[in-house]
Structures are given as C-alpha cells and as structure tokens.
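Here are some notes to read with the structure open beside you. Please take the points in order and find each residue as it is named.

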Amino acid sequence: MIPQLTTISTYKDQIDFLNLSYHDYIDNDEFSIVKVHEWNLTFPFHSPTFRSDYYSFTIVTKANGSFTVGDDKFELHPNHVVVACPDSFFKIDWTDMEKVYNIAFKKSFILKHFPGGIDNILEFNTKNGFCCCLTEDTMEYFEKTCLEMHKIAISDLCYKEEIMANMALNLLFLVQLQQETETNTKNSSEKNNKIVIDFRQNIENNFNDLIEGCCTSVMRIKEHAQLLNLDENYLSKTISNSTKKTVNEWINKKLIDEIKYLLKHSEKSMKDIAFLFGFNDLNYFYSFFKTQTQFAPGAYRKQHQNS
C-alpha cells in the first residue's frame, strides 16, 4: 500500500496522528518535553516520515534504534543524543527502550526569551541533524536536567517558559561543544557564518513557499544574492569556503530531497511534482533527477514504494 503524504508538521498533531497521549500542559506548539518511554510503544516501533516545523532534541538514556533525517541515518544507543532541525524529513525507529526524553521547540520560543546569539547554537555546522555519544557523567546531567524541565513544564510556576528555554539552550550548547570537539572545525568568521545561516534559511523558506503554492520557481544564486544584498561571486565564494559545498549543490540537494519525498510518500503524478518545483519541461525534470540520483523518477518511486 502506498503511504499517504505526511503533511502533519506540528509536534502535537504528530502525537495525535500516532494516537499517543501527552500532558495537557502542551497547549501550544512552541515547546514541549515528553518522557517517550511512558508512551508504551510496541516494539519494533517505526514512525511515519514527518516534515516538522520544530527542532527535535532526543536524549537516549537507555534504548536502541535509529533516527533518519534527510539522507542521514544515525544509529541510537544508550547515552546518545540527536538533534534535528526544522523543515527536514525525519523518521524514528526503535527496537527497544527503557528511558528516552524528547524536547521539541520552535526557534520563536527561544527567541522570545533569548533574542540574540542563538543561531550558532542551533545551526550544527550547516547540517540538518547531529548525533553524538555522551559520557556516563554527562548523560546523567542531561537526564537530571530533563526530569527537572519536565517537572517545571507541568507546574504552575511563573516564568517557567524562560526557565525551560534556558535549560534547553544549556543542553544544546553542551551538544554543540561535543560537535566541535568531534569535528575539530570552526567557522571562518562570525560574518561568514551569519551569511551561511541566512542562506540556508532562505532555501528552506523558498521550498516552504513552493510546497504551499506561494511561489512557482526555485531560487538560484542570483535571487539569493539579491535577497542577502550581496554580490553573486562573494556569496558563491563564502558558501563554498565555509561549507565545502557550492550554492547550487545546497539548492539541488534540497530540491532532490523534496522530490524524493513526494515520489516515496505520495501518489502525485510526475507532471504535478515537476510543476510544483518549477519544471515546465517534463523531459528536463526526468533528466535532472537522473543526473542527481542515477535513477529515473519512475524507477525510484517503484523501488521505494514496493520496499
């Protein structure tokens, strides 16, 4: 059976879709923390593929499974944490579980309480997700913080949102330090990092508008440079030097991810998919997809919908 296109993007609606329970303190979609192990999941558990509008921060104290975000698949085991950025396709598979916590929040929630200086923490070196293994002592601190955060979330404390935002940022900062230690890389400068962050956000905004029917073409380097008020050559060099990927590689990667998702999870015709992303020539759409993936669109759809 061909799976339905998953259009549910908010955390609460996704929990409803899975018929899982949640505490009534989750009365909005800006922030939540849940004890995943209290959901009484049936194992093995396989989630649908969602395209979220929030950051997902999963703390795996004791469990085994995997977290797929975009084309990256992270194996999850005890003492692991994984962070996924919004506007990315993700799915979770669990084989067993004793203790897992999940923090979901929108950038607007953090900005409400900390309006400056958070982009570097939330960027994760220009990737859609990051996973790492923590030491026993660090995981013990993470779990203690999650339990305190959950207690505060269900309380009637004044200023509890500001407290939770501060606690979540502290954990994210520790994960970022872990990432920098593992990769041993640094951004070339604050200015260049800001350009990379804004460029990637503009890509996400463009594709969100395409999917919602608010625009009809994929932005290329000319439009991105104009939007950022930069020279095209300067933007090209900044992105290439900072990320080791060209502007077109970033755009084409996102475009192919979106097309793959619709081929795998919808019954939209090739013509409709091509038109959605600004391909007026169906033959060019076929050629572009095959050049990028080594598969014809029809063959890719057949392979993944029959698997």
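1. Does Cys 133 count as buried, partly exposed or exposed, and what is its relative accessibility? This is a predicted model, and that should be kept in mind throughout. Cys 133 counts as partly exposed, because its relative accessibility is 40%, and the partly exposed class lies between the limits of 20% and 50%.

2. The cysteines deserve a second look, since the structure holds zero disulfides. Cys 133 is in no disulfide, and the cysteine sulfur nearest to its own, which belongs to Cys 132, is 7.6 Å away; a disulfide would need the two sulfur atoms to be within 2.5 Å. Cys 85, for its part, is buried, with a relative accessible area of 10%.

3. For the chain as a whole, the secondary structure comes to twelve helices and eight strands, and 47% of the 307 residues count as buried. Among the contacts in the protein chain with a separation of 6 or more, 72% are accounted for by residues 24 or more positions apart.

4. Arg 51 is a useful residue on which to practise reading such contacts, and you will find it in strand β3, which covers residues 50-51. Arg 51 counts as buried because its relative accessible area is 14%, which is under the 20% limit. If its neighbours within four places in sequence are left aside, the residues in contact with Arg 51 include Ile 8, Ser 9, Asp 87, Phe 207 and Lys 254. Phe 90 stands 39 residues from Arg 51 in sequence, yet their C-alpha atoms are 6.5 Å apart in space.

5. The side chain of Arg 51 also takes part in polar contacts, which are worth tracing one at a time. One of them, of 2.9 Å, joins the side chain of Arg 51 to that of Asn 208, and another, of 2.8 Å, is made with the side chain of Glu 258.

6. Helix α6, which runs over residues 190-211, holds Arg 200, and Asn 193 has its place in helix α6 as well. Arg 200 is buried, with a relative accessible area of 11%, and its side chain makes a polar contact of 2.9 Å with the side chain of Asn 128. Asn 193 counts as buried at 7% relative accessibility, and its C-alpha atom is separated by 9.1 Å from that of Ile 239, a residue 46 positions away along the chain.

7. Ser 155 lies in the loop between α4 (136-153) and α5 (160-183). With a relative accessible area of 19%, Ser 155 is buried, because the class takes in values under 20%. A polar atom of the Ser 155 side chain lies 2.6 Å from the backbone oxygen of Ile 152.

8. The last point concerns how two helices pack. Helix α9 (residues 247-265) and helix α12 (residues 297-305) have their axes 8 Å apart and meet at an angle of about 55 degrees, which means that α9 is oblique to α12. The crossing in which α9 passes α12 is right-handed. On the α9 side the residues that meet α12 are Lys 260, Leu 262, Leu 263 and Lys 264, and on the α12 side they are Pro 297, Tyr 300, Arg 301, His 304 and Gln 305.

Conventions. Residues are numbered from 1 along each chain as its sequence is written. This is a predicted model: local features need pLDDT of at least 70, side-chain atom pairs count only at pLDDT 80 or more; totals for chains, interfaces and linings use all residues. Side-chain values use heavy atoms; hydrogens and water are left out. Helices (H or I, at least four residues) and strands (E, at least two) are DSSP runs, numbered from the N terminus. Buried means under 20% relative accessible area, exposed over 50%, partly exposed in between (1.4 Å probe, protein chains only). A polar contact is a pair of N or O atoms within 3.5 Å; within protein, one must be able to donate a hydrogen and the other to accept it, and residues adjacent in sequence count only if both atoms are side-chain atoms. Axes are lines fitted to C-alpha atoms, for helices over the stretch in contact, and angles run from 0 to 180 degrees between N-to-C directions. Angles under 35 degrees count as roughly parallel, over 145 as roughly antiparallel, 65 to 115 as roughly perpendicular and the rest as oblique. A crossing is left-handed if the near helix is turned anticlockwise from the far one by less than a right angle, and right-handed if clockwise. Contact means heavy atoms within 4.5 Å.
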